[in-house]
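Please open the model in your viewer and keep the sequence panel beside it, so that each selection can be followed in both places. The tour below moves from one selection to the next and says what is to be found at each stop.

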Amino acid sequence: MLPAAPNRFRRYERLGSRPDTTPYRRNRETRTMAKKRPAAKTAKPQLNNGEIPVVGAREPCPCGSGRRYKACHGAAAAHAVTEHVRRPFEGLPGECDWVALRELVPAATVPLSLKGGLPEGVPSVTLVTVLPMAWPALRREDGSVLLGLQNDSSSGDLGRDMADTLERALVAEPGTPVAARRVPAEGPRLQDLLDTDGGFEPVVHTGFEFWIPESESAQNASPEIAASLERANAAAIPTVKLTGVDAAYWCETPDKNHLRWVMPHPEEKLLDALARLHAAGTSSLGEGTKLVGSFRAHGLMVPVWDLPTGVTADDVEKPAAEFAERLAGALATDAPLTTEERRARGGLTNRQVTLS
């Protein structure tokens, strides 16, 4: 069994009341009349520069057509929601770490660099795994910006959603969070706003104290943030980033430990390589460890190893580096898979879980 990925903040659904149970009489007639009734004419508002603002999908379209927004000028936005971007972080430095921080790591921060530098009054922009109350972003009193990564996406392009949040955070009033919203169909992506020539060096934390500015203390936080901090710290799984290989994260769970390693290689080629190693008995990270399957997240594969409880992150540094060398050799092989290797590949495929 694959270990479950850490739960991110989930959206709570409100249960509506039961529908009206009035008998079905006259329904055919009333529905027929409703179809024939002409739509009410709505005065066309004066729009600045001819732009149609984004409103709720069921609200009247601001253009004055009398139709709902989703059936009028919101159609393009609705289409954008269905256009899923398979690799939203492709082209950014540290794509594999972006995926890990989005799906696997509870508490981490990364300083971000913007194209053209930081705006006046914004001393820093920091990517964080999650913020209190699942805020998409927060502009602190000193003007610095925290951008949350583990939030729901309103469209099929997480990179566009986060870019919209970042742009709004940069101009938000200091000391205020940035609310979630449905992102317009057109707009920049993270790749358009961030300096793609810069580095990406995550810092993994044991808890979420990074929510609180260094000049303050948790005791001075609002009751809501203090309660959120306590809950988040209690649920966080101890996690460590390996230093010898890229995007590999050790984590500790009550039953056993795990290594989850986000890899940039094409999925089919990586599955073949892992199958070759598995069939040869060289896919483990040492005694008592086992390659048990993989996650699929944001277009990349994340092989997962079970580790004995006593095996620490330091213990797997050297075995992981040695495995990376064996994997490089297997990736360079183009020979057809043997019967045993095909069997191993089938087993790995059957134990693959898609996270996003």
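Begin by selecting helix 8, residues 313–331, which lies across strand 7, strand 8 (248–252), strand 9 and strand 11, and which runs at about 40° to strand 9. Bear in mind throughout that this is a predicted model.

Now add the strands beneath your selection and follow the sheet from one side to the other: 6 strands form an open sheet in the order 7-8-9-11-10-12, with mixed pairing. The edges are strand 7 (239–241) and strand 12 (352–354), each of which pairs on one side only. Neighbouring strands of this sheet are turned against each other by 25° on average, direction ignored. As a general point, strands of a sheet pair through backbone hydrogen bonds, either parallel or antiparallel.

For one such pairing, select strand 9 (residues 257–261) together with strand 11 (residues 300–307), which pair in the antiparallel sense over 4 bridges. Within this pair, label Arg 260, whose bridge partner in strand 11 is Val 304.

Next, select helix 7, residues 267–279, which lies across strand 10 (290–297), strand 11 and strand 12 and runs at about 25° to strand 11. Strand 11 is therefore a useful landmark, since helix 7 lies across it and helix 8 lies across it as well.With both helices shown, how do the axes of helix 7 and helix 8 cross? They come within 9 Å and cross at roughly 115°, and the crossing is right-handed. To see the contact itself, show the side chains of Lys 269, Leu 270, Ala 273, Leu 274, Arg 276 and Leu 277 in helix 7, which meet Phe 323, Arg 326, Leu 327, Ala 330 and Leu 331 in helix 8. The residues of this contact divide into 8 nonpolar, no polar and 3 charged.

Leave this region and select strand 1, residues 108–112, where 4 of the 5 residues are buried, so that the strand is largely enclosed by the rest of the structure. Two pairings can be followed from here. Strand 1 pairs with strand 6 (residues 203–204) in the antiparallel sense over 2 bridges, and the partner of Thr 109 in strand 6 is Val 203. Strand 1 is also joined by 4 bridges to strand 2 (residues 125–128), again running antiparallel, and here Leu 112 stands opposite Val 125.

Then move to Ile 225, which lies in helix 6 (residues 223–235). Is Ile 225 buried or exposed? Ile 225 is buried, with a relative accessible area of 18%, which falls under the 20% limit for that term. Leaving aside its neighbours within four places in sequence, Ile 225 is in contact with Pro 132, Met 133, Trp 135 and Ile 212. Of these, Met 133 is worth a distance label, as Ile 225 and Met 133 are 92 residues apart in sequence but 7.6 Å apart in space, C-alpha to C-alpha.

Finish with the cysteines. A search of the whole structure finds 0 disulfides. Cys 63 is in no disulfide, and the nearest cysteine sulfur, that of Cys 61, is 3.6 Å away, whereas a disulfide would need the two sulfur atoms within 2.5 Å. Cys 63 is buried, with a relative accessible area of 9%, and Cys 96 is likewise buried, with a relative accessible area of 13%.

Definitions and conventions: Residues numbered from 1 in each chain as written. Predicted model: local features only at pLDDT ≥ 70, side-chain atom pairs only at ≥ 80, totals over all residues. Heavy atoms only, no water. Axes fitted to C-alpha atoms, helices over the stretch in contact; angles between N-to-C directions. Left-handed = near helix turned anticlockwise from the far one by under 90°. Contact = heavy atoms within 4.5 Å. Nonpolar A, V, L, I, M, F, W, Y, C, P; charged D, E, K, R; others polar. Pairing = 2+ DSSP bridges. Buried < 20%, exposed > 50% of the residue type's maximum accessible area, 1.4 Å probe, protein only.
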